[in-house]
Amino acid sequence: MAGGTREMGREEHLRRWSAAHGGTPASPVVRVWLDGVRRVASPLAAAGVPPSAVTVLGLVLGLAALAPAAAQAEAGGRWALLVALLLALAALADGLDGAVAVLGGTASRGGAVLDAACDRVADAAAVAALWLLGAPALPVLVAVGAGQLHEYARARAQAEGMTGPGAVTVSERPTRVAVAAMFALGCGAYPQAAATWAAVGAWVGAAAALAGLLQVLAAVRRALSGRR
């Protein structure tokens, strides 16, 4: 019975992921990632951990990354290594909350709204950490603004009848967090060049965010053209 329940949870998890991505089947690499997330989430769901608690934990971890970023900017050292770790843990929590909801049968529209709101704040915090580490304001503002508009345009189009995400872009949330974490890691590994690492990271994030926004807008136009 336990094996059947576990397999049912796996298939449901894959089905929900596919549905959230416009019916796109999970690639072998994505399946490996989703299976790993499911294994970590299974004991949490069995223990009755609310998915909203995991969602909020991810937000707290993302915001907490600002503290070591400020510490390195103020006193030097390798505090940015902790920034990268916290952002990675926040990303893990972001992947876990949906799996906990599916496996525990507690998915809800309210939880989805909470998850989206927390994600947007955590996205901004990840880029703000690069700003604290020395990135100029312009690419930081572009990265945050384009990233937020990316998600708003998609959500608004879905409310108007677009099914799925429209397009899986070069700047989905995992990419945004990975860019910030990777360049924060560079700031910590090479503190004497932290400002350079942070600046390059912010510009890479800004370029990806703009490209992703254009992809979403093109997908929205295709999906909604002709609708009244």
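**View 1. Helix α8 of the predicted model, with its span and buried face.** α8, a DSSP run (helices: H or I, at least four residues, numbered from the N terminus), has 17 residues and reaches 24 Å from its first C-alpha to its last. This is close to the 24 Å expected at 1.5 Å a residue, where the expected span is 1.5 Å times one less than the number of residues. Among the buried residues of α8 (under 20% relative accessible area, 1.4 Å probe, protein chains only) are Arg-173, Arg-176, Phe-183 and Cys-187. Their cover includes α4 (66–75), α5, α6, α7 and α9.

**View 2. The largest nonpolar core.** Such a core is a set of buried Ala, Val, Leu, Ile, Met, Phe, Trp, Tyr and Cys residues joined through side-chain atoms within 4.5 Å. This one has 28 residues, and Val-83, Leu-87, Leu-133, Ala-135 and Cys-187 have the most contacts inside it. At least two residues each come from α5 (80–104), α6 (109–132), α7 (137–159), α8 (173–189) and α9 (194–224). α8 gives the most, with 7 residues.

**View 3. Surroundings of Leu-133.** Beyond its neighbours within four places in sequence, Leu-133 is in contact (heavy atoms within 4.5 Å) with residues including Ala-69, Gln-72, Ala-184, Cys-187 and Ala-198.

**View 4. A second, separate core.** Ala-41, Ala-45, Val-54 and Ala-99 are among its 8 residues.

**View 5. The segment 1–8.** Here pLDDT, the predictor's confidence in each residue from 0 to 100, stays under 50, and the model has 1 contact beyond four places in sequence for these residues. The chain mean is 89, with 90% of residues at 70 or more.

Residues are numbered from 1 along each chain as its sequence is written, and side-chain values use heavy atoms, without hydrogens and water. In this predicted model, local features need pLDDT of at least 70 and side-chain atom pairs count only at pLDDT 80 or more, while totals for chains, interfaces and linings use all residues.

Key: Buried < 20%, exposed > 50% of the residue type's maximum accessible area, 1.4 Å probe, protein only.
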